[in-house]
Amino acid sequence: MTAAIVTGGASGVGRSTVEILVGRGVPVVAVDRRWPDDSAADDVVRITGDVCDAGTWKEAVDAAQERGGLSKLVINAARLAVGSVLDVADDELRQVFEVNVFAAALALRSCLPVMIDQGGGAVVGVASTDAVFAEQGLAAYCASKGALLQLMRCVAVDHARQGIRANVVCPGAIDTPFFRQHVDAAPDPEAFLRVKTERHPSGRILQPEDVAEVVAFLLSDAAIGMNGTPVMIDGGLTTTFDFKDA
Ligand SMILES: NC(=O)c1ccc[n+]([C@@H]2O[C@H](COP(=O)([O-])OP(=O)(O)OC[C@H]3O[C@@H](n4cnc5c(N)ncnc54)[C@H](O)[C@@H]3O)[C@@H](O)[C@H]2O)c1
C-alpha cells in the first residue's frame, strides 16, 4: 500500500487520523513541530519540522517514497489567533496565513507532482465551520480557513483529470488543545464552553476521532465520487440557527 502524509500528527485530529490509518494498514509519515513521548504508533515515521519550511516537505515526501510511494495527504496543522481584525497584530495575522494557507500550498506543491506521477491520489484539508460561517472574535482564522477551502476546491478542478481528489472537512468545536486555547482566551472560560456545547444540536463537543473517521473515509477509494466537497462535521451546528433545547 502507498503512504499517507499527515500534518499536525502529534495531537488532536492529526494524531487520531494517524492511528486510524495505521490501523487500516496504511504506511504513515506524520509531520509536527514537536512530539510528546506517548505520541503515535511505533510504525509511524515521525518528521519533526515546521510545515512552513520547504525542507520539512522534502523530508516527508522522501520518507513516503521510501514506503511504497505517496497517494494520500492530510493538511491538518493550523494556527489560531483570537480577536477581531482590529485586535490581531500584524505578525500574528501573517503567521496564521503562513501556517493555514501558505503551508497548505507548499504541501500541495511538494506532494501533488509525486502523486500525479504515481497515478493520482486523495487530499483532505482540515478547515472548519469557520471556513463557511463567520465566528465572532476569530477574524484571521476564519479568513484563512475560507482561503484553504477555496484552495482545495481549485485543486479539485485543476487536477481531477490527473487522478487527484481534493476534499475538505469543516468541523465544529473539537475537544483538543487547539480548542482549549480558544476557550481559555474567553473572559469566563466555563460559561464559554457551556454556551459552545449547547449551541450544537447534538449537545456535545466533538472528539478528534469523530473528524478523523471522516478524513480516513475521504482518503479511501470508497469516496471516489467526492471531489471539491466541503463536509460539515458539526453535530448539526450549521444546519440551523438560534438552536434551543426545547
Ligand atoms: N479543535 C477545534 O475545535 C477545531 C475546530 C475546527 C477545526 N479545527 C481544525 O482541526 C485541525 C487540527 O486541530 P486540532 O484541534 O487537532 O489541534 P491540536 O492543537 O490538537 O493539533 C494541532 C497540531 O498541529 C501542530 N502544528 C501546528 N502548527 C504547526 C506547524 N507550523 N508545523 C508543524 N506542526 C504544526 C501542533 O504542534 C499540534 O500537534 C486544525 O486545522 C484546526 O484548525 C479544530
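Colleague: I'll start with the basics: helices (H or I, at least four residues) and strands (E, at least two) are DSSP runs, numbered from the N terminus. Which strands does helix α7 lie across?

Modeller: Helix α7, residues 208-219, lies across β1, β4, β5 (121-126), β6 (164-171) and β7. It runs at about 155° to β5. Axes here are lines fitted to C-alpha atoms, for helices over the stretch in contact, and angles run from 0 to 180 degrees between N-to-C directions. This is a predicted model: local features need pLDDT of at least 70, side-chain atom pairs need 80 or more, and totals for chains, interfaces and linings use all residues. Residues are numbered from 1 along each chain as its sequence is written.

Colleague: Got it. What order do the strands of the sheet come in?

Modeller: The order is β3-β2-β1-β4-β5-β6-β7. Those 7 strands form an open sheet, and the pairing is parallel. Two strands pair if DSSP finds at least two bridges between them.

Colleague: Which strands are at the edges?

Modeller: β3 and β7, residues 230-233. Each of these edge strands pairs on one side only. Going from one strand to the next, the twist averages 20°.

Colleague: How many bridges join β1 to β2?

Modeller: 4 bridges, with β1 and β2 (residues 28-32) running parallel. Look at T7 in β1: V31 in β2 stands opposite. V31 also has a partner further along the sheet, as it stands opposite I47 in β3. β2 and β3 pair over 4 bridges, again in the parallel sense.

Colleague: What about β1 and β4, how many bridges there?

Modeller: β1 and β4, residues 70-75, have 4 bridges in the parallel sense. There, A3 stands opposite L70 in β4.

Colleague: Is β1 buried or exposed?

Modeller: Buried (20 or more other C-beta atoms within 10 Å of a residue's own, with C-beta atoms placed from the backbone; exposed is 12 or fewer, partly exposed in between). In β1, residues 3-7, 5 of the 5 residues are buried, so the strand is largely enclosed by the rest of the structure.

Colleague: Which residues sit on each face of β1?

Modeller: A3, I5 and T7 are on one side, and A4 and V6 are on the other. Both faces are covered. In a regular strand the side chains alternate between the two faces of the sheet.

Colleague: New topic. Where does D50 lie?

Modeller: In the loop between β3 (45-48) and α2 (54-66). D50 is partly exposed, because 14 other C-beta atoms lie within 10 Å.

Colleague: Which residues does D50 touch?

Modeller: R33 and T56, leaving out residues up to four places away in sequence. Contact means C-beta atoms, placed from the backbone, within 7 Å. D32 is worth a look too: its C-alpha atom is separated from that of D50 by 6.6 Å. Along the chain, D50 and D32 are 18 residues apart.

Colleague: Last one, helices. At what angle do α3 and α4 pack?

Modeller: About 15°, with the axes of α3 (residues 90-117) and α4 (residues 139-159) 9 Å apart. The α3 side of the contact includes L93, V96, F97 and L108. The α4 side includes Y141, L148, L151 and V155.

Colleague: And what is the angle for α2 and α3?

Modeller: About 30°, and their axes are 9 Å apart. Here A54, W57 and V61 in α2 meet L106, A107, S110, C111 and V114 in α3.

Technical notes
Two residues are in contact if their C-beta atoms, placed from the backbone, lie within 7 Å.
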